[in-house]
Amino acid sequence: MDETRQHLKQIAVRVQRDVPSVKQVCEAGGPVSVILEAIKSSTTDLVVIGNRGLTQFSEFAMGSVSHLVLLHAPCATLVVKGAQKTTQRVVVAVKGPDDAERIKTWLLAHPFKHPMELVVLNVVPSAFFAPFQGQSGFDAWTQAATATAQRFVDPIAAALNGPHYAATGRVAIGDAADMVAREVELSDLLVVSTHGRTGVHRLLFGSVSHSLVHRVSGSVLVVR
């Protein structure tokens, strides 16, 4: 415990360069339960937690503190991966109006310290309708769906544009997880939102946002 308190003090000194108030908590017990209790006992806007890089199967079989906190935390969670680097380009993956509104509201209420380039991304599926409509029908559907998606992301980007963000709307065609992961390769952070499933139900039935947390190599911010 003494060694841990000393470690916390060293971290606090570094954090205090940018954060005016730092409270240090050192308790014995299960990490997940202690973290979740600390979240619930205060007004928490964001949990920041590291990730050891376990695969999705490994986390399901053996457990992971970051994985379990992500599943059960009632607030936004930032899962930090890889070496420290300056965040400059952020991908905001949106599926529909509800998650887009959650993300937009959170980002405007909690701006980054430095201005960021945001890419508001929506993915149009590429293969689902092809067998039923033929190639020409599918092409027409894809064009219409892409235009609709662009009209969806452009107002979101416009609402985020300002002193903190330079945002643009982008539409990709393909598998949602594949296309988002590809876009994130060129970026420093992915922002997604959950769609309301809780705990085991989300884990067993899956979601694009949950899949992406494990799939992308960079850090992920999950907004609730």
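This note goes through a predicted model of one protein, beginning with the whole chain and then turning to two helix pairs and three single residues.

1. Overall make-up. The protein has 224 residues, of which 38% are buried, and its secondary structure consists of 9 helices and 7 strands. Among the contacts with a separation of 6 or more, 75% are between residues 24 or more positions apart, a figure to keep in mind when reading the contact lists below. The accessible surface comes to about 13,000 Å², and carbon and sulfur atoms account for 57% of that surface.

2. The pair α7 and α9. Helix α7 covers residues 176-184 and helix α9 covers residues 208-215, and their axes lie 10 Å apart at an angle of about 40°. Because an angle of about 40° is neither under 35 degrees nor within 65 to 115, the two helices are described as oblique to each other. The crossing of α7 over α9 is right-handed. On the α7 side the meeting residues are Ala176, Ala177, Asp178, Val180 and Ala181, while α9 contributes Val208, Ser211, Leu212 and Arg215.

3. The surroundings of α7. The buried residues in α7 are Ala177, Met179, Val180, Ala181, Glu183 and Val184, and the elements that cover them include the strands β3, β4 (116-124), β5 (165-173) and β6 (189-193), together with helix α9. Ala177, Val180 and Ala181 therefore appear both among these buried residues and among those that meet α9. In general, an α-helix has 3.6 residues a turn, so residues three or four places apart point the same way. At the N-terminal end, α7 is capped by Asp175, which has a side-chain oxygen 3.3 Å from the backbone nitrogen of Ala177.

4. The pair α2 and α4. A second helix pair is formed by α2 (residues 31-40) and α4 (residues 65-72), whose axes come within 9 Å and cross at roughly 35°. Here too the crossing is right-handed, with α2 passing α4. The contact involves Pro31, Val32, Ile35 and Leu36 from α2, and Val65, Leu68, Val69 and His72 from α4.

5. Lys81. Is Lys81 buried or exposed? Lys81 sits in the loop between β2 (76-80) and β3 (89-93), and it counts as buried because its relative accessible area is 11%, below the 20% limit used for that term. The side chain of Lys81 reaches two backbone oxygens, that of Val213 at 2.2 Å and that of Val216 at 2.8 Å. Beyond its neighbours within four places in sequence, Lys81 is in contact with Asn51, Val213, His214, Val216, Ser217, Gly218 and Ser219.

6. Ser217. Ser217, one of the residues in contact with Lys81, is found in the loop between α9 and β7 (219-223). Ser217 has a relative accessibility of 67% and so counts as exposed, whereas Lys81 is buried. The C-alpha atoms of Ser217 and Asp188 are 9.7 Å apart, although the two residues are 29 residues apart in sequence.

7. Glu117. Glu117 belongs to strand β4 and, with a relative accessibility of 39%, is classed as partly exposed, because this value lies between the 20% and 50% limits. Setting aside neighbours within four places in sequence, Glu117 is in contact with Gln88, Arg89, Val90 and Ala166. Its C-alpha atom is separated by 9.3 Å from that of Thr87, which is 30 residues away along the chain.

Technical notes. Residues are numbered from 1 along each chain as its sequence is written. This is a predicted model: local features need pLDDT of at least 70, side-chain atom pairs count only at pLDDT 80 or more; totals for chains, interfaces and linings use all residues. Side-chain values use heavy atoms; hydrogens and water are left out. Helices (H or I, at least four residues) and strands (E, at least two) are DSSP runs, numbered from the N terminus. Buried means under 20% relative accessible area, exposed over 50%, partly exposed in between (1.4 Å probe, protein chains only). A polar contact is a pair of N or O atoms within 3.5 Å; within protein, one must be able to donate a hydrogen and the other to accept it, and residues adjacent in sequence count only if both atoms are side-chain atoms. Contact means heavy atoms within 4.5 Å. Accessible areas come from the Shrake-Rupley method with a 1.4 Å probe; for residues, only the protein chains shown count as cover. Axes are lines fitted to C-alpha atoms, for helices over the stretch in contact, and angles run from 0 to 180 degrees between N-to-C directions. Angles under 35 degrees count as roughly parallel, over 145 as roughly antiparallel, 65 to 115 as roughly perpendicular and the rest as oblique. A crossing is left-handed if the near helix is turned anticlockwise from the far one by less than a right angle, and right-handed if clockwise.
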